[in-house]
Amino acid sequence: MMQELAVRDDLILALNSGSSSLKFGVYYRGADDEEALLTGSAEGIGHSSGSLHIRSSDGKILVGRECIHESQTEALATLAAEVRDHLHAAPAAVGHRVVHGGPELRTHQLITPQVLDQLRAATHFAPLHIPQALLLITSAQSIFPVAAHFACFDDAFHRTIPEVASHFPLPQRYFDAGIRRYGFHGLSYESLVHHFGEQLPERAIFAHLGNGASLCAVRNGLSVDTTMGLTPTGGIPMGTRSGDLDPGVIIYLLRHEKLGADELEDLLNHRSGLFALSSGESDVKTLEVSMRSNDPHAALALNVFAISVRKVIGGYAALLGGIDLLVFTGGIGEHSNHIRSLAAGGLEFLGFTADKIQIVPAQEELQIARHCRRMITKIR
């Protein structure tokens with residue numbers, strides 16, 4: 001059992017839960033920053049095929065095998081056993097990426113019974129994410145009972161956006177009830193701010209493009225606007241999510257298709273975006289292969305996605321009064337030359353040149369570890 005292992009005071013376990021994956025990293029405090037001892041992920045959770053990959057600090061593959069997990073908690077149990085076998089120690093702190101905490105939880109913090117109660121009360125803001133986060137936190141607390149557990153909220157970075165960006169054009173009572181723009185991918189964006197440090201210019205646009213995708217306008221290191229809104233479904237089209245829609249579309253689906261709330265939620269989150277436009281495929285690499293084979297549906301899906309990104313870049317350039325830096329991150333942002341070229345093309349009239357574009361890997365687990373180190377130092 002993990003609780004029988006000696007706790008190593010300098011170890012932090014960072015957990016990054018996705019819709020069908022669980023990424024993790026075990027970190028210790030290096031000379032200048034957090035250093036990874038182990039990193040890895042369980043992929044394909046809930047599917048008939050899955051995998052488990054773990055690397056050591058020098059990049060050596062320690063584990064690489066097919067591994068089917070029915071749930072996030074099952075995947076966590078497997079990862080915890082691997083941590084035990086390779087490190088023979090338990091972490092002093094566990095950091096959890098929590099997508100949404102509702103209006104009351106907007107800062108990274110120690111998980112207490114009160115915080116868990118607040119998370120449960122906020123379930124209606126993110127019914128697809130908060131219940132899963134609660135299950136994973138409860139499981140991790142059971143596996144690592146001595147560790148301090150911290151919630152790192154993916155919307156915390158965006159609490160600096162002004163009211164003009166956070167308000168939807170609805171009656172004030174809805175804003176007061178928490179219906180507002182929260183924004184997400186905040187841990188990824190925080191890691192970019194940390195990456196550039198003092199070299200980050202005044203006006204930057206960050207584009208986190210993956211199966212979930214968003215953009216953020218950053219002025220002097222602070223978020224001033226972002227594409228995702230109340231939930232991670234909003235903004236630009238994504239792998240299987242619709243992004244923003246004319247409200248009339250929702251009314252049509254309710255009135256004429258007679259969709260219930262659950263059916264509508266499933267449609268907008270799991271059967272829209274690139275998946276819908278291409279008639280059944282959401283993976284950009286696969287779509288690019290199909291496009292080169294003259295598949296018009298694949299070409300349409302990729303063009304809609306990339307042009308949506310370009311529109312936001314142009315809009316944020318107007319908001320910021322120009323662009324000093326454009327950063328692509330996330331799986332698509334880092335690896336798809338085609339999407340980056342389409343998204344950044346045609347912006348020369350703004351004085352935007354290729355030397356202002358950078359590609360930086362997302363480092364969410366590392367950012368979680370940084371926050372946990374800061375917070376555990378304060379409570380000791």
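Helices here are DSSP runs of type H or I with at least four residues, numbered from the N terminus. With that in hand, let's walk through this predicted model, starting at helix α5, which spans residues 172–176 and holds Phe175.

Phe175 has a relative accessible area of 14%. Buried means under 20%, so Phe175 counts as buried. Who keeps it company? Setting aside neighbours within four places in sequence, Phe175 is in contact with Ser166, His167 and Arg180. For a sense of distance, pick out Leu37 as well: Phe175 and Leu37 are 138 residues apart along the chain, and their C-alpha atoms are separated by 44 Å.

Now step back along the chain to Asp154, in the loop that links β8 (148–153) to α4 (163–166). Asp154 is buried too, because its relative accessibility is 1%. Its side chain has a polar atom 3.0 Å from the backbone nitrogen of His185. His185 is also among the residues in contact with Asp154 once neighbours within four places in sequence are left out. The others on that list are Arg97, Val98 and Val99, together with Gly183, Phe184, Gly186 and Leu187.

Our last stop is helix α8, residues 261–270. Its buried residues are Leu264, Leu267, Leu268 and Asn269. As you look at their spacing, a general point helps: an α-helix has 3.6 residues a turn, so residues three or four places apart point the same way. Which helix do the buried residues of α8 pack against? Their partner is α7, residues 247–255.

Methods. Residues are numbered from 1 along each chain as its sequence is written. This is a predicted model: local features need pLDDT of at least 70, side-chain atom pairs count only at pLDDT 80 or more; totals for chains, interfaces and linings use all residues. Side-chain values use heavy atoms; hydrogens and water are left out. Buried means under 20% relative accessible area, exposed over 50%, partly exposed in between (1.4 Å probe, protein chains only). Helices (H or I, at least four residues) and strands (E, at least two) are DSSP runs, numbered from the N terminus. Contact means heavy atoms within 4.5 Å. A polar contact is a pair of N or O atoms within 3.5 Å; within protein, one must be able to donate a hydrogen and the other to accept it, and residues adjacent in sequence count only if both atoms are side-chain atoms.
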